[in-house]
Amino acid sequence: MNLLNRPRRLRRNAAIRGLIQETVLNVNDFIYPLFVVEGEGIKQEIESLSNNYHFSIDMLKNEIDEIINLGIKAVILFGLPNKKDSFGSEAYSDDGIVQRAIREIKRINKDLLVITDICMCQYTDHGHCGILRDGYVDNDETLEYLSKIALSHAKAGADMVAPSDMMDGRVGAIRSALDRNGFSEVSVMAYSAKYASAFYGPFRAAANSAPECGDRKSYQMDPANSDEALREVELDIEEGADIVMVKPALSYLDVIRRVKDNFNMPLAAYNVSGEYAMIKAAAEQGLIDEKRIVLEKLLSMKRAGADIIITYHAKDAAKWLREE
């Protein structure tokens, strides 16, 4: 048989496959989440996120050293306070858990990029992402508090803030507050298309951030909608976002692709806790090859258009990529 076109010629061996590989996964793509807690001498594995830990601030050095040695350039911080109230006041305290963690990480290694999650759910006694009035999150009042949180993180030394609350106008409010106070160089990575997803369960257990009543469907996006994601991303860009994000990632690869095709902006994808936990559980049962599955999953996010991937797999993936 005389076939003129034989695509398999370019799959014949590893060298040829490498020459024509369209998408490359790199450790520089990763942001690693870190959970910091009050107390001393604490490094406790998170039950819902195996191989991830709650760290007290005095226990961060070894973890930061390992992250640096693996070539990971950025972390995103989540704090668990001891005290909560209806206004989430610990979130914007100059002596808050995240603010102290920022200062300690920068003392350990000033070059590690420190990104901070800007939200109120871990800090409010009701577990919602803003100020609750008559059972409904008050959008505009919440903006004032989100701006205070972002400003306190910038003062502590954060390189980038990442508002995840999904309030309308929060990127503009935060950008304005940072600029007014001399932090125009601090960048904003917006959780632009954040869906009201069932994939967040393990994180909410890890961060003790589940809402006490109701749900977050009045501010997070409907999983059925992708046109709406483009509107949300466009609004965040207009308000001054430096990086936009789609969250979750694996079930929203189509949204990642649409955002990348429509906007010439750096794009992050959050490989969320439920996506992580499912793979860990299957691997622990011996049902899958964890290394191959994880690298394929992360590659699919990159192929869909993500420039940046926030993932709990970051340390393992960094090790595995060295072996490739």
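Begin by selecting F35, which at 1% relative accessibility counts as buried, a label given to residues under 20% relative accessible area, with exposed meaning over 50% and partly exposed the range in between (1.4 Å probe, protein chains only). The model is predicted, so that local features need pLDDT of at least 70 and side-chain atom pairs count only at pLDDT 80 or more, while totals for chains, interfaces and linings use all residues. Residues are numbered from 1 along each chain as its sequence is written, and side-chain values use heavy atoms, with hydrogens and water left out.

**Aromatic rings**

Keep F35 on screen and add F203, which is also buried, at 12% relative accessibility. The structure holds 11 aromatic pairs, where rings of Phe, Tyr and Trp (its six-membered ring) pair if their centres lie within 6.5 Å, and planes under 30 degrees apart count as stacked, over 60 as edge-to-face and the rest as tilted. The rings of F35 and F203 have centres 5.7 Å apart and planes at 45 degrees, so this pair is tilted. The pair links distant parts of the chain, since F35 belongs to strand 1 (residues 30–37) and F203 to helix 6 (residues 201–207), 168 residues apart; helices (H or I, at least four residues) and strands (E, at least two) are DSSP runs, numbered from the N terminus.

Next, select Y92 and Y145, whose ring centres lie 5.9 Å apart with planes at 50 degrees, so that this pair is tilted. Y92 sits in the loop between strand 4 (74–80) and helix 3 (97–108), whereas Y145 is in helix 4 (residues 139–156), and the two are 53 residues apart. Y145 is buried, with a relative accessible area of 13%.

To see a wider group, select F35, F78, Y191, F203, Y270, Y276 and Y312, which form one aromatic cluster. From Y270 in that cluster, turn to K247, which lies over the ring face of Y270 at 4.5 Å from the ring centre. A charge is said to sit over a ring if NZ of Lys or CZ of Arg is within 6 Å of the ring centre and within 35 degrees of the ring normal. K43 and Y53 give another example, with the charged end of K43 over the ring of Y53, 4.8 Å from its centre.

**Strand 8 and its partners**

Now select strand 8 (residues 160–163), from which M160 and A162 point one way and V161 and P163 the other, all of them buried. Strand 5 (residues 113–118) runs parallel to strand 8 and is joined to it by 4 bridges, two strands being paired if DSSP finds at least two bridges between them. Within this pairing, I115 stands opposite M160. Strand 9 (residues 187–194) also runs parallel to strand 8, with 2 bridges joining them, and there V188 is the bridge partner of V161.

**Salt bridges**

The structure holds 20 salt bridges, each a side-chain nitrogen of Lys or Arg within 4 Å of a carboxyl oxygen of Asp or Glu. Select K302 and D29, whose side chains meet in one of them (3.0 Å, N to O). K302 lies in helix 10 (residues 290–304) and D29 in the loop between helix 1 and strand 1, so the pair ties together parts that are 273 residues apart in sequence. Both K302 and D29 are buried.

Move to helix 3, where R107 and E104 are 3 residues apart and therefore separated by about one helical turn. Their side chains meet in a salt bridge (2.8 Å, N to O), in which R107 is exposed, with a relative accessible area of 58%, whereas E104 is buried, at 18%.

Then select D159 and K106, whose side chains also meet in a salt bridge (2.7 Å, N to O). D159 lies in the loop between helix 4 and strand 8 and K106 in helix 3, so the pair ties together parts that are 53 residues apart in sequence. D159 is partly exposed, with a relative accessible area of 25%, while K106 is buried, at 19%. Finish this part with E63, E66, K315 and K319, which are linked in a network of salt bridges.

**Last stop**

Finally, select I20, in the loop between helix 1 (14–19) and strand 1, which is partly exposed, with a relative accessible area of 43%.
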